[in-house]
Each structure stands twice: as C-alpha cells, then as structure tokens.
Amino acid sequence: MSESTAPAPARTTSGSAAPVFSVRGLWKVFGPRAERVPGSEYAGLPPAELREATGCTAAVRDVSFDVAKGEVFVVMGLSGSGKSTLVRCLTRLVEPTSGTLTIDGEDVLAMDRGRLRELRRHRAAMVFQHFGLLPHRTVLDNVAYGLEIQGLGKAARRAKAAELVEKVGLAGLENRRPAQLSGGQQQRV
C-alpha cells in the first residue's frame, strides 16, 4: 500500500448483497505529475526506486476491497504504511490519484462539494488517533457536537449524546472536561 510496509491485505466480501463501500484499484501518489504512476511501468517499482525515477511517493498502491452492511472492517499496518491516507481517501479528505470508490453504489469521486459534505455528515466518518476533543466542552457536549453541526436541536442532541455516552461506558462522566479523563475515556468520547 505504501512505502516499505504494506498493511494486512484486505479481503473482498463475498455474498449477494451490494457492498456499502466498494474500492477498486485505489492509488494515492504524492509528487510531481503523480497521475503518471498508476498503471505505468513505474507502478511496480520499490519505494526508493519510484522516488528516484519520478520524484513521487505512492502512499496507497492499487488497493481493492468491499465492506458489507453491518460488517466490521479493519485497516491495520505499521506506522507509515498508508492506513490514514487510505481512510482519508474514502471520504475525499485526501483526493485519490486513481481508482474507483463507491458508497451504497454512488460514485464518491464524482461528488460535488455539497454532496461530499452530506456524505461526511451523515454516511461516513473517521475516528482520529488524536481525539480532537474540544477542551472547553463537557463529555456530553463533545459527543453532541456532530449533531449540533447537523442542526439538531439542543434537547434532542443532548438526549442522543446521553444514550451514546452510556453505551460506551462513560455514564456519570457527562459533565467532565477532556483533561479530566484517561486516554481510553477520551478515545470513547
């Protein structure tokens, strides 16, 4: 997938139901004229040779997988292997260099800015390694923040956030600030 160590290979879901995520031949190449690398004589070069020949770095190399509804799908690998870049490509936080990507059969690469905003707000999201919690907000208000951005009323979003706080085992900590939580508790927020 990337520089020196590729993550564990992804498997393709078998079955008759259409996948929620379908990724085929996805590449993300950084560098000058990156679009010339996928599908070319450069595509199979080891990382150092690719950099020397083209000035480019392939962070995601020819990745394909499907994720079925209800399936838990894990992307894992060593530091620097392209996991975060791959996940960012799924919602176009990073633009893929080539390949295809669909969510519920809809072409993500063809989405305009408004449609992407809708996708990111309602259909696909990321949990970042660094929690990104708002230090001035309570646990409850941090959990409710996404719903606030979506325009949900205060009472409804706080009720939904309270359900989620309980679901992840943080009941009783709703009024604490992030600095008052352990790392594991912050991750659950």
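The exercises below, each with a worked solution, concern a predicted model of one protein.

Residues are numbered from 1 along each chain as its sequence is written. In this predicted model local features need pLDDT of at least 70 and side-chain atom pairs count only at pLDDT 80 or more, while totals for chains, interfaces and linings use all residues; side-chain values use heavy atoms, with hydrogens and water left out.

**Exercise 1. Confidence**

State the mean pLDDT of the protein and find where pLDDT stays under 50.

Solution.
- Step 1: pLDDT is the predictor's confidence in each residue, from 0 to 100.
- Step 2: The protein has a mean pLDDT of 86, with 89% of its residues at 70 or more.
- Step 3: Residues 1-14 stay under 50. For this stretch the model has 45 contacts beyond four places in sequence, a contact being heavy atoms within 4.5 Å.

**Exercise 2. Elements and overall exposure**

Count the helices and strands, give their pattern along the sequence, and state what share of the residues is buried.

Solution.
- Step 1: Helices (H or I, at least four residues) and strands (E, at least two) are DSSP runs, numbered from the N terminus.
- Step 2: The protein has six helices and four strands, and the pattern reads β-α-β-α-β-β-α-α-α-α.
- Step 3: Buried means under 20% relative accessible area, exposed over 50%, and partly exposed in between (1.4 Å probe, protein chains only). By this criterion 32% of the 189 residues are buried.
- Step 4: About 11,100 Å² is exposed, of which carbon and sulfur atoms supply 52%; accessible areas come from the Shrake-Rupley method with a 1.4 Å probe, and for residues only the protein chains shown count as cover.
- Step 5: Among contacts with a separation of 6 or more, 64% join residues 24 or more positions apart.

**Exercise 3. The sheet**

Derive the strand order, identify the edge strands, and list the bridges for each pair.

Solution.
- Step 1: Two strands pair if DSSP finds at least two bridges between them.
- Step 2: The four strands form an open sheet in the order S2-S1-S3-S4, with antiparallel pairing. S2 and S4 (106-107) are the edge strands, each pairing on one side only.
- Step 3: S1 is joined to S2 by seven bridges, and Val-29 stands opposite Ala-58 in S2.
- Step 4: S1 is joined to S3 by five bridges, and Trp-27 stands opposite Ser-98 in S3.
- Step 5: S3 and S4 pair over two bridges, with Ile-103 opposite Glu-106 in S4. These two strands form a hairpin with two residues between them.
- Step 6: H2 packs on the sheet and touches S1, S2 and S3. The direction of H2 makes about 120 degrees with that of S1, where axes are lines fitted to C-alpha atoms (for helices over the stretch in contact) and angles run from 0 to 180 degrees between N-to-C directions.

**Exercise 4. Nonpolar cores**

Which residues of the largest nonpolar core touch the most other members, and which element gives the most to this core?

Solution.
- Step 1: A nonpolar core is a set of buried Ala, Val, Leu, Ile, Met, Phe, Trp, Tyr and Cys residues joined through side-chain atoms within 4.5 Å.
- Step 2: The largest core has 18 residues, and Phe-21, Phe-65, Val-108 and Leu-119 touch the most other members.
- Step 3: Two or more residues each come from S1 (21-30), S2 (57-67), H2 (83-90), S3 (98-103) and H3 (113-122).
- Step 4: S2 gives the most, four residues. Eight of the eleven residues of S2 are buried.
- Step 5: Another core, of nine residues, lies apart from it and includes Val-139, Leu-140, Val-143 and Val-165.
- Step 6: In H4 (139-149), Val-139, Leu-140, Asn-142, Val-143, Ala-144 and Leu-147 are buried, and the cover of the buried residues of H4 includes H5 (154-167).

**Exercise 5. Positive phi**

Locate Asp-62, Arg-92 and Asp-104, and give the phi of each.

Solution.
- Step 1: Most residues other than glycine have a negative phi.
- Step 2: Asp-62, in S2, has a phi near 50 degrees.
- Step 3: Arg-92 lies in the loop between H2 and S3 and has a phi near 60 degrees. Arg-92 is buried, at 14% relative accessible area.
- Step 4: Asp-104, in the turn between S3 and S4, has a phi of about 50 degrees.

**Exercise 6. Thr-100**

Is Thr-100 buried or partly exposed, and which residues does Thr-100 touch?

Solution.
- Step 1: Thr-100 is in S3 and is partly exposed, with a relative accessible area of 44%.
- Step 2: Leaving out residues up to four places away in sequence, Thr-100 touches Ser-22, Val-23, Arg-24, Leu-26 and Leu-109.
- Step 3: Thr-100 and Ser-22 are 78 residues apart along the chain, and their C-alpha atoms are separated by 7.9 Å.
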